[in-house]
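Reader: I should like to learn how to read a structure that is new to me. May we go through it feature by feature?

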Amino acid sequence: MKFFIRLIRNTLGLIMVALDLLTRGRKLQRTPSEQELVNEQLGELSLYQFFACPFCIKTRRAIHKLNLPIEMRDASQGSPFRAELLENGGKVTVPCLRIEQQGKVEWMYESSDIIRYLEKRFA
């Protein structure tokens with residue numbers, strides 16, 4: 001039974017990923033100097049995610065729209081990033097945005113909160 005549930009879940013996830021890729025909008029356009037400044041700031045951020053998770057797809061879609069090349073870290077079973085997320089973030093819940101500022105690290109869960117944060121900071 002677990003096998004069939006996993007199969008259905010993965011199939012639906014792949015369909016959602018395909019639909020996302022086919023219907024993505026345009027990226028936010030910036031001047032090269034503005035984009036370079038944004039890219040420097042993105043060094044403080046990384047997104048822990050699962051490839052076919054609907055909330056991760058939603059978050060990646062917003063990241064694409066905002067033209068933010070954030071480091072993506074796969075937190076799936078067996079990944080070293082999964083252990084890192086659990087150890088430092090406290091739970092294996094995705095998406096999770098790791099924000100490092102002035103030597104302090106914040107772990108932001110919830111796709112809507114992550115998107116709101118990124119739009120406020122980079123739009």
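Author: The dialogue below turns to the overall fold, the salt bridges, a surface patch and a pocket. Please keep in mind that this is a predicted model.

Reader: Let us begin with the fold. How many helices and strands are there in the chain?

Author: The chain contains five helices and four strands. Read along the sequence, these elements follow the pattern α-α-β-α-β-α-β-β-α. The C-alpha trace spans about 55 × 35 × 20 Å along its principal axes. Of the 123 residues, 34% count as buried.

Reader: What is the general idea of a salt bridge, and how many does the structure hold?

Author: Side chains of opposite charge can pair when their charged atoms come close. The structure holds seven salt bridges. One of them joins the side chains of Arg121 and Glu44, at 2.6 Å from N to O. Arg121 lies in helix H5 (residues 111–122), whereas Glu44 belongs to the loop between helix H2 (32–41) and strand E1 (45–49), so this pair ties together parts that are 77 residues apart in sequence.

Reader: Are these two partners buried or exposed, or in between?

Author: Arg121 is partly exposed, with a relative accessible area of 25%. Glu44 is also partly exposed, at 27% relative accessibility.

Reader: Which residue forms a salt bridge with Glu84?

Author: The partner of Glu84 is Arg73, and their closest N and O atoms are 2.7 Å apart. Glu84 lies in helix H4 (residues 80–89) and Arg73 in strand E2 (residues 71–74), so the pair ties together parts that are eleven residues apart in sequence. Glu84 counts as partly exposed because its relative accessibility is 25%. Arg73, with a relative accessible area of 13%, is buried, since buried means under 20%.

Reader: Which residues are linked in a network of salt bridges?

Author: Asp20, Arg24 and Arg61 are linked in such a network. Within this group, the side chains of Arg24 and Asp20 meet at 3.2 Å, N to O. Asp20 counts as buried because its relative accessibility is 5%, while Arg24 is partly exposed at 29%.

Reader: Where does Arg61 lie?

Author: Arg61 is in helix H3 (residues 54–65). At 31% relative accessibility, Arg61 counts as partly exposed. The C-alpha atoms of Arg61 and Ile115 are separated by 9.5 Å, although these residues stand 54 residues apart along the chain.

Reader: Let us turn to the surface. Which residues make the nonpolar patch?

Author: The patch is made by Ile8, Leu12, Ile15, Leu19 and Leu22, and its area is about 530 Å². To take one member, Ile15 is placed in helix H1 (residues 2–23). Ile15 counts as partly exposed because its relative accessibility is 44%.

Reader: Finally, how should I read a pocket? What volume does the largest pocket have, and which residues lie nearest its centre?

Author: One may consider its volume, its lining and the classes of residue in that lining. The largest pocket has a volume of about 570 Å³. Its lining consists of 15 residues, and Arg6, Arg9, Asn10, Phe50 and Ser76 lie nearest the centre.

Reader: Which element gives the largest share of that lining, and what is its make-up by class?

Author: Helix H1 gives the largest share, seven residues. By class, the lining has seven nonpolar, four polar and four charged residues.

Note on methods. Residues are numbered from 1 along each chain as its sequence is written. This is a predicted model: local features need pLDDT of at least 70, side-chain atom pairs count only at pLDDT 80 or more; totals for chains, interfaces and linings use all residues. Side-chain values use heavy atoms; hydrogens and water are left out. Patches are made of residues with over 30% relative accessible area and no salt bridge: like charges are joined within 9 Å, nonpolar side chains (Val, Leu, Ile, Met, Phe, Trp, Tyr) within 5 Å. Accessible areas come from the Shrake-Rupley method with a 1.4 Å probe; for residues, only the protein chains shown count as cover. A salt bridge is a side-chain nitrogen of Lys or Arg within 4 Å of a carboxyl oxygen of Asp or Glu. Helices (H or I, at least four residues) and strands (E, at least two) are DSSP runs, numbered from the N terminus. Buried means under 20% relative accessible area, exposed over 50%, partly exposed in between (1.4 Å probe, protein chains only). On a 1 Å grid over the protein atoms alone, a cavity is a set of points where a 1.4 Å probe fits but cannot get out, and a pocket is an open set with protein on both sides within 12 Å along at least five of seven lines; lining residues have an atom within 4 Å of a point. Grid points are joined across faces, edges and corners, and a volume is the space filled by probe spheres set on the points. Ala, Val, Leu, Ile, Met, Phe, Trp, Tyr, Cys and Pro count as nonpolar, Asp, Glu, Lys and Arg as charged, and the others, Gly among them, as polar.
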